[in-house]
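Please look over the sequence and the structure below. The paragraphs that follow lead through them step by step.

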Amino acid sequence: MHRTTGIATDYYAGIAMYLASYAMLVIIFFIGSLRTNMIFVLLFAFLEISFWLLIAGYLKVAYGVPAEAANLFKVGGVFGFLTSACVSNDPSRTFPRAILF
């Protein structure tokens with residue numbers, strides 16, 4: 001595997017570490033949501049999958065494989081969209097539905 005050198009490598013690896021710290025926090029939220037409704041469980045599950053796909057994508061860029069990273073970013077975006085779909089269908093929100101639709 002070819003490893004790129006320079007500031008860009010450290011930058012993308014740093015973003016991956018930043019996302020990994022948030023992914024570990026989301027695992028705690030996911031475990032806490034298991035006793036609540038299914039929307040929150042799906043929300044944190046999709047968010048966790050999205051974070052790990054983005055982490056893998058940024059590590060691929062850091063190690064010089066941008067072609068594979070592009071696919072990981074796309075799939076991570078799909079799971080990010082599913083996360084936002086769970087948020088928009090949450091019945092416990094306080095603002096009226098007429099604002100969104």
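Isoleucine 55 touches Ala16, Leu19, Ala20 and Ala23, leaving out residues up to four places away in sequence; contact here means heavy atoms within 4.5 Å. The model is a predicted one, in which local features need pLDDT of at least 70 and side-chain atom pairs count only at pLDDT 80 or more, while totals for chains, interfaces and linings use all residues. Residues are numbered from 1 along each chain as its sequence is written, and side-chain values use heavy atoms, with hydrogens and water left out.

Ile55 and the four residues named with it belong to the largest nonpolar core, which has eleven residues: Ala16, Leu19, Ala20, Ala23, Val26, Leu43, Phe44, Phe46, Phe51, Ile55 and Cys86. A nonpolar core is a set of buried Ala, Val, Leu, Ile, Met, Phe, Trp, Tyr and Cys residues joined through side-chain atoms within 4.5 Å. Buried means under 20% relative accessible area, exposed over 50%, and partly exposed in between, with a 1.4 Å probe and protein chains only. At least two residues of the core come from each of helix H1 (7-33) and helix H2 (38-62). Helices (H or I, at least four residues) and strands (E, at least two) are DSSP runs, numbered from the N terminus.

Tyrosine 12 also lies in helix H1. What does tyrosine 12 contact, leaving aside its neighbours within four places in sequence? Its contacts are Tyr58, Val61 and Ala62. Tyrosine 12 and isoleucine 55 are 43 residues apart along the chain, and their C-alpha atoms are separated by 9.3 Å. With a relative accessible area of 27%, tyrosine 12 is partly exposed.

Is isoleucine 28 buried or exposed? This residue of helix H1 is exposed, because its relative accessible area is 56%. Ile28 joins Tyr18, Tyr22, Leu25 and Phe29 in a nonpolar patch on the surface, with about 510 Å² of accessible area together. Accessible areas come from the Shrake-Rupley method with a 1.4 Å probe; for residues, only the protein chains shown count as cover.

For the chain as a whole, there are four helices and zero strands. Buried residues make up 25% of its 101 residues. Of the contacts with a separation of 6 or more, 61% are between residues 24 or more positions apart.

The mean pLDDT of the chain, the predictor's confidence in each residue from 0 to 100, is 84. Among the elements, H2 has the highest mean pLDDT (93) and helix H4 (residues 97-100) the lowest (49).

Definitions and conventions
Patch = residues over 30% accessible without salt bridge, like charges linked within 9 Å, V, L, I, M, F, W, Y side chains within 5 Å. Salt bridge = Lys/Arg side-chain N within 4 Å of Asp/Glu carboxyl O.
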